[in-house]
Each structure stands twice: as C-alpha cells, then as structure tokens.
Amino acid sequence: MAPARTAAFERDAPAWTVEEGGPPLDLAALFPGCDGVVLDIGFGGGEGLIAMAAAQPGQGILGVEVHTPGVARVVEAIVTEGWRHVRVSTADVLDLLPRVPPGSLAGVRIWFPDPWLKQRQRHRRLVRPDVVTRLVDRLRPGGFVHVATDIADYASEAEGVLAGEGRLAGGVIPRPEWRPLTRFEQRGLEAGRTPVDLWFTRQDGAGA
Ligand SMILES: C[S@@+](CC[C@H](N)C(=O)[O-])C[C@H]1O[C@@H](n2cnc3c(N)ncnc32)[C@H](O)[C@@H]1O
C-alpha cells in the first residue's frame with residue numbers, strides 16, 4: 001500500500017475493524033439501527049462490498065478479508081461516506097467465527113471464493129461441509145447463504161455441499177442484477193467463464 005494509505009489505515013482501522021480474538025460480538029451495538037447483518041467472506045478489493053453498502057444502507061455488513069489493501073479500501077469508504085453499518089476484519093474467517101453468536105446473521109456472502117483448482121488443494125475450498133455447518137449455525141431462521149463462482153466444478157461441488165446441509169434449502173438462481181460486477185467476475189467473463197449463483201436459506205426454527 002502507498003504510505004499515505006497505510007497511515008490512514010493505521011489511524012482509522014481501530015474504530016472500524018473487528019479483532020479475531022475476544023468475547024462474542026454484540027451485533028446490535030456494532031451495527032446500530034440495522035435490519036440484520038450480512039457476513040461478507042473474502043471481499044477481495046472491496047468493490048462488491050462497497051457497492052452493496054451504498055445500495056443497502058439499512059443492512060449491516062461484517063466484511064472479512066485477509067488481504068489488507070482491500071480492508072484498507074473499505075475502511076477508507078467507511079470514513080469518507082460516514083457509514084455506521086459496515087465493519088471489517090483482517091482475520092481468517094474461520095478464526096473470527098467463534099465471536100459471531102449462533103443464530104445472529106441475516107446472511108452470508110461468499111462471492112468468487114478462491115478456486116483451489118489442483119486436486120491436492122481442493123480440501124482448502126471454503127465451501128466445504130464443516131465450514132458450511134459453522135456458518136449455518138450462525139444464520140438466523142430464514143437467513144441466506146449466497147455463493148457465486150465461475151469455476152464450474154466448484155459450483156456443482158458447492159451446490160452439493162449446501163444441499164447436503166440439512167437445515168438449508170435452495171439451489172441455482174439466475175445471476176441477480178443487483179450483484180455488483182467485480183474484477184474477479186469481469187476477468188472470468190473475459191476468459192469465457194460463466195458465473196453460477198447459489199442461493200440457500202435456513203429452514204429450521206431456532207439458532208444452533
Ligand atoms: C477470488 S477473491 C474474490 C474477492 C471478491 N469476493 C470478489 O468477488 O471480487 C477471494 C478472496 O477471499 C479471500 N479469502 C480466502 N480465504 C479467506 C479466509 N479464510 N478468510 C478471509 N478471507 C479469505 C482472499 O484473500 C481473496 O481476496
């Protein structure tokens with residue numbers, strides 16, 4: 001990052017970022033007046049998160065991204081726009097999840113997760129049964145999981161994993177017009193890949 005952006009991030013991050021360690025998050029206090037909170041996992045450069053935050057000011061977004069420049073870009077937007085409905089974390093999402101209370105999230109977004117194309121790397125894919133179980137534990141009843149990917153075998157694998165989580169129902173949906181086009185998707189389109197959107201909702205009653 002450029003020195004000025006690093007300095008701004010160091011100045012502003014403590015107010016708007018969430019650490020991986022600590023007590024359960026009080027989402028009502030962190031996102032005052034919001035109609036639910038969506039966990040945006042791996043938001044990359046932040047352009048999709050920023051577009052959604054601008055489009056839905058009443059919806060809280062807890063963004064998690066291990067790549068610091070993207071987090072810095074979102075913190076910059078939070079400060080510039082005066083947002084009170086967006087928080088971010090530089091944690092690995094798997095380390096942050098223990099702080100997210102069961103049954104608390106309105107939704108989870110995983111847009112264009114790292115594809116891990118080599119067979120020996122596949123176990124690293126984020127949309128896998130143990131991770132999905134932990135995510136669904138944290139969804140409120142009716143909460144959604146929205147996965148988008150343009151890797152065909154990841155799409156079918158993810159659909160199977162989500163359909164196999166007994167508390168979820170859903171499937172492939174047409175690409176929502178409101179989903180922002182990000183650099184990753186644009187690159188895939190230019191390479192001839194077709195994005196697949198998966199939308200599942202939590203069907204059972206109470207939080208885990
Ligand atoms: C291919 S990029 C997609 C970015 C963005 N969602 C988009 O559509 O443009 C995947 C991102 O997920 C992040 N990521 C991967 N595993 C993660 C994890 N366990 N916790 C947080 N971020 C993660 C990576 O750093 C990367 O920026």
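Let's start at a loop: Pro-24 sits in the stretch that links helix H1 (3–16) to helix H2 (27–30). Keep in mind as you look around that this is a predicted model. Is Pro-24 buried or exposed? With 11 other C-beta atoms within 10 Å, Pro-24 is exposed. It has a partner from another part of the chain, too: Pro-24 and Pro-101 are 77 residues apart in sequence, yet their C-alpha atoms are 6.1 Å apart in space.

Now step back to the whole chain. The protein chain holds 8 helices and 7 strands. Its radius of gyration is 17 Å, close to the 17 Å that the globule rule gives for 208 residues, so the chain is as compact as a globular protein of that length. If you lay the C-alpha trace along its principal axes, it spans about 45 × 45 × 35 Å. Of the 208 residues, 36% count as buried. The chain is divided into domain 1 (1–10 + 56–91) and domain 2 (102–208), and the centres of these two domains, taken over C-alpha atoms, are separated by 23 Å.

A good place to go next is strand E2 (residues 60–64). Here 5 of the 5 residues are buried, so the strand is largely enclosed by the rest of the structure. How do its side chains share out between the two sides? In a regular strand the side chains alternate between the two faces of the sheet. In E2, Gly-60, Leu-62 and Val-64 point one way, while Ile-61 and Gly-63 point the other way. Residues on both sides of E2 are buried.

E2 has neighbours to look at. Strand E1 (residues 37–41) runs parallel to E2, and 5 bridges join the two. Within this pairing, Leu-39 stands opposite Leu-62 in E2. To follow the chain from one strand to the other, trace E1, then helix H3 (residues 47–55), then E2: together they make a right-handed β-α-β unit. Another pairing joins E2 to strand E3 (residues 86–89), with 4 bridges and again a parallel run. There you will find Val-64 opposite Ser-89 in E3. The chain gets from E2 to E3 by crossing through helix H4 (residues 68–81), and this β-α-β crossover is right-handed.

Back to E1, which is mostly covered, with 5 of its 5 residues buried. Val-37, Leu-39 and Ile-41 lie on one side of E1, Val-38 and Asp-40 on the other, and both faces are covered. Which strand besides E2 does E1 pair with? E1 is joined to E4 by 3 bridges, and the two run parallel. Leu-39 turns up again here, standing opposite Val-108 in E4.

Strand E4 leads us towards domain 2. Leu-105 has its place in this strand, and it is buried, with 26 other C-beta atoms within 10 Å. Leu-105 and Ala-77 are 28 residues apart along the chain, and 23 Å separate their C-alpha atoms.

After E4 (105–111) comes a loop that runs to helix H6 (129–137), and Phe-112 lies in it. Phe-112 has a positive phi of about 55 degrees although it is not a glycine. This residue is buried, with 22 other C-beta atoms within 10 Å. Trp-116 lies in the loop between E4 and H6 as well, and its phi is near 40 degrees, a positive value in a residue other than glycine. Trp-116 is partly exposed, with 15 other C-beta atoms within 10 Å.

Phe-112 also brings us to the ligand. How many residues surround the ligand? There are 20, and the closest are Gly-42, Gly-44, Val-93, Phe-112 and Thr-182. Helix H5 (93–96) and helix H8 (183–190) are the elements that give two or more residues to this shell. By residue type, the shell divides into 11 nonpolar, 5 polar and 4 charged. Both domains take part: the shell draws at least three residues from each of domain 1 (1–10 + 56–91) and domain 2 (102–208).

How values were computed. Residues are numbered from 1 along each chain as its sequence is written. This is a predicted model: local features need pLDDT of at least 70, side-chain atom pairs count only at pLDDT 80 or more; totals for chains, interfaces and linings use all residues. A residue is buried if 20 or more other C-beta atoms lie within 10 Å of its own, exposed if 12 or fewer, and partly exposed in between; C-beta atoms are placed from the backbone. Two strands pair if DSSP finds at least two bridges between them. A crossover is right-handed if, with the strands pointing away from the viewer, the path from the first strand over the helix to the second runs clockwise. A residue is near a molecule or strand if its C-beta atom, placed from the backbone, lies within 6 Å of it. Ala, Val, Leu, Ile, Met, Phe, Trp, Tyr, Cys and Pro count as nonpolar, Asp, Glu, Lys and Arg as charged, and the others, Gly among them, as polar. Domain bounds come from an automatic or database domain assignment. The radius of gyration is taken over C-alpha atoms; the globule rule is 2.2 Å times the number of residues to the power 0.38.
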